[in-house]
Amino acid sequence: MWAIYKREIKSFFQSVIGWLFLAATLGLFGLYFYVYNLAYGSPYISNTLSATTVIMLITVPILTMRVLAEERKTKTDQLILTAPVSVGKVVWGKYLAVATIFTIAVAVMAITPVFLHIFGEIPFAECYAAVLGYWLFGMTCIAIGTFVSSITESQVIAAVLTFALLFLGYMMNGITQVISSTGNIVTKILNCFDLTSGMDNFFQGCIDVKSLIYYVSMSVFFLFLTSQSIQKRRWSMSTKKLKLGVFSSSMIVVALVAVVAVNMVATQLPEKLASIDVTSQKLYSITKATEKMLDNLQEDVTIYVLAKKDSQDTNLEKTLKRYESYSNHVTVEYKDPSVAPTFYKDYTESSPTKNSLIVVGEKRSKVIDYNDIYQYDVDYTTYQQKVTGYDGEGQITSAISYVTSEDTTVMYVITGHEEYSLSGSFTDALEKQNIELKTLNLLENDSVPEDAACLLLLGPSKDYSEDDVTKITNYLENGGKAIIVSNYAEEDLSNFKKILSAYNVTLEDGLVVENDTQHYYKNQYYLLPEIGSDAVTSKAAEGRIFTPFSQGFTYPQQTDDEATASGITYTPLLTTSENSFAKKDVTTASDYSKGENDVDGPFAVGLHVTKAAAEDGGESTELYLFGGVNIFTDDVSQQVYGNNLTLFTGITSQFTSGETENVVPVKSYEVSNLTLTQSAITIGMIIVLILIPLGLLVTGIVIWARRRKR
């Protein structure tokens, strides 16, 4: 076998064919590498490899057309067929020679992530998973080309037939969609020759064991067919021709059955084993939080996918398979909108978008619109939306928790005093926690509703009435919970302050000015306070909290005995430095200097107040106080990478029995783009588009020309 392998390798590199293949493959790869990775700064090479696959439909037939067809035409195959070596070794020797040429090209491509690492962070695992998928696809194409070359003595016919077969496999997924959008037995059979879907799984950051088995089994099967083709010709003049022909046909059937059986077994593998998630953010895996929730699941949940199974979002499909394989209580069913266009009406009035999910439990249901599965941001260089995050697991886990929970949690937002509105990501976070947000106008209600798990007083600009204060304080004294956020305003808010003074907390007039450079950002009103130790700050303490334009709170500094006697404890969540002060007259201030009437710090700009229940068995009063309404806005939170939102969800989780583990954050969809200088882009372009392809081509021509002169 190795003698044949060496002979084939030598023939490829002594002619133009091998060099031409390398030049064409790497040249096209270089073109897309320049566009995607150098010009646009993408750290992924999966898009580059995906765009390059199309050239293999042309280059592989040219590379394999002469492997066996030429020898059959020149009758030199008789020397091999009569040699004391098995047909299998002959086939493997020739196949490995062609595969070596292709592997050299892939090896060069595999160097590019290392080169890109010079300019930024590279997701190496995802890049090399894509390389593996591309290599497996190419090896299968070569096996198909080798087989076709064995059944004809014409190189042209071999190339054309190979191209036709590869093109058919490349387009098979689209062909089956045209035949039947819902799928049938014919499309299932035809999809056995779908050569690209498995590769796409690798490109998406998964080492797909089922696809790996498919490519290996297909390669082995076509090499077996090649051996059978040669074996039949080897004995074509023998008296055993008829007998061997029957034997050969039966062996082909056995091999085909074996390939089908192996792939059917592979489809039954648990999703955890069938697909290895190598994405940096584990986009398609389920976290420990979800696993814990599923372990505690006691009732059956059905997740309906509003899409045809063969055409749904592949990322979402991977996530759903993880849920279904992990718990017997979770079932996934597909409802094709073209077949059942009104199915959604049993659960919602408005029509969800395609690929949306409907999660149904025994007590209630919840719709997850497909638009909420992905997080989008605007790219201000192009003014177009781009996908930045994947929230499949977060939305599904939240929905399952909601449909299986006994009660719903309601947060009431006080209105009627020109309050601020909660920003989009903060309301989304409440929805993921299954906290229902309702408005409450105290003028229209005699008291706070009994189902209130919490009140939200979000930066009133107008003062409360005394009646409003009475209703709120009555609710709080009976074990109520509240998030109270002040808003610096020129209007007197004395009644609003009475709510705080009932717990011996004073809201200082004016805004806090920070003089410690470590505790503000650009502007001395833009505070970066110290984060205190509390259950709600455990996750937020890993970063910084941004609180621009905040007022400060003061509270009694008491010993443990005094706290026990009063029944009130104070836990500072966010504290300014000792160099801070409260500037009372902000409107006329021309600088950040301290005035005569200003009050020295430090202050709490975030404070947790707890008052013990008056009676045994009662609930304690919980207040979370913040001095600036901007703290819970998207723009401010984004300045500290969403850490303000982390603090907010830490607080709101206390109103749902502290079950923060059921909240899975959005998973970042991509790492940051690379930063390349123009000179680096130019040098890279010259190397990948000119030097490498042209160098390979010239080398091949020179070697061929020298051999012609001999």
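**Exercise 1.** Does Tyr-641 count as buried or exposed, and at what relative accessibility?

*Solution.* The model is a predicted one, in which local features need pLDDT of at least 70 and side-chain atom pairs count only at pLDDT 80 or more, while totals for chains, interfaces and linings use all residues. Residues are numbered from 1 along each chain as its sequence is written, and side-chain values use heavy atoms, with hydrogens and water left out. Begin with the cut-offs: buried means under 20% relative accessible area, exposed means over 50%, and partly exposed lies in between (1.4 Å probe, protein chains only). Tyr-641 has a relative accessibility of 80%, and therefore counts as exposed. Next, place the residue: Tyr-641 lies in the loop between helix 21 (634-639) and helix 22, where helices (H or I, at least four residues) and strands (E, at least two) are DSSP runs numbered from the N terminus. Finally, read the backbone: phi of Tyr-641 is near 55 degrees, a positive value in a residue other than glycine.

**Exercise 2.** Determine how far helix 22 is covered, and name its buried residues.

*Solution.* Helix 22 spans residues 643-652 and is mostly covered, with nine of its 10 residues buried. These are Asn-643, Asn-644, Leu-645, Leu-647, Phe-648, Thr-649, Gly-650, Ile-651 and Thr-652.

**Exercise 3.** Describe how helix 3 packs against helix 7.

*Solution.* Two packed helices are described by the angle between their axes and the distance between the axes. The axes are lines fitted to C-alpha atoms, for helices over the stretch in contact, and angles run from 0 to 180 degrees between N-to-C directions. For helix 3 (residues 46-64) and helix 7 (residues 124-150), the angle is about 15 degrees and the axes are 10 Å apart. Helix 3 is therefore roughly parallel to helix 7, since angles under 35 degrees count as roughly parallel, over 145 as roughly antiparallel, 65 to 115 as roughly perpendicular and the rest as oblique. As for the contact (heavy atoms within 4.5 Å), helix 3 contributes Ser-46, Leu-49, Thr-52, Thr-53, Met-56, Val-60 and Thr-64, whereas the residues of helix 7 include Tyr-134, Phe-137, Gly-138 and Cys-141.

**Exercise 4.** Work out the surroundings of strand 3 and its pairing with strand 4.

*Solution.* Strand 3 (residues 301-305) is largely enclosed by the rest of the structure, because five of its five residues are buried. Val-301, Ile-303 and Val-305 point one way from the strand, while Thr-302 and Tyr-304 point the other way. Strand 3 pairs with strand 4 in the parallel sense over five bridges, where pairing requires that DSSP finds at least two bridges between two strands. One of the residues of strand 3, Val-305, has Tyr-334 in strand 4 as its bridge partner.

**Exercise 5.** Give the strand order of the open sheet that contains strand 21, and follow the chain from strand 22 to Pro-602.

*Solution.* The sheet has three strands in the order 14-21-22, with antiparallel pairing. Its edge strands, each pairing on one side only, are strand 14 (511-513) and strand 22 (599-600). Strand 21 (residues 581-583) pairs with strand 22 over two bridges, and Phe-581 has Asp-600 in strand 22 as its bridge partner. Pro-602 lies in the loop between strand 22 and strand 23 (604-611), and the peptide bond from Gly-601 to Pro-602 is cis, with omega near 5 degrees.
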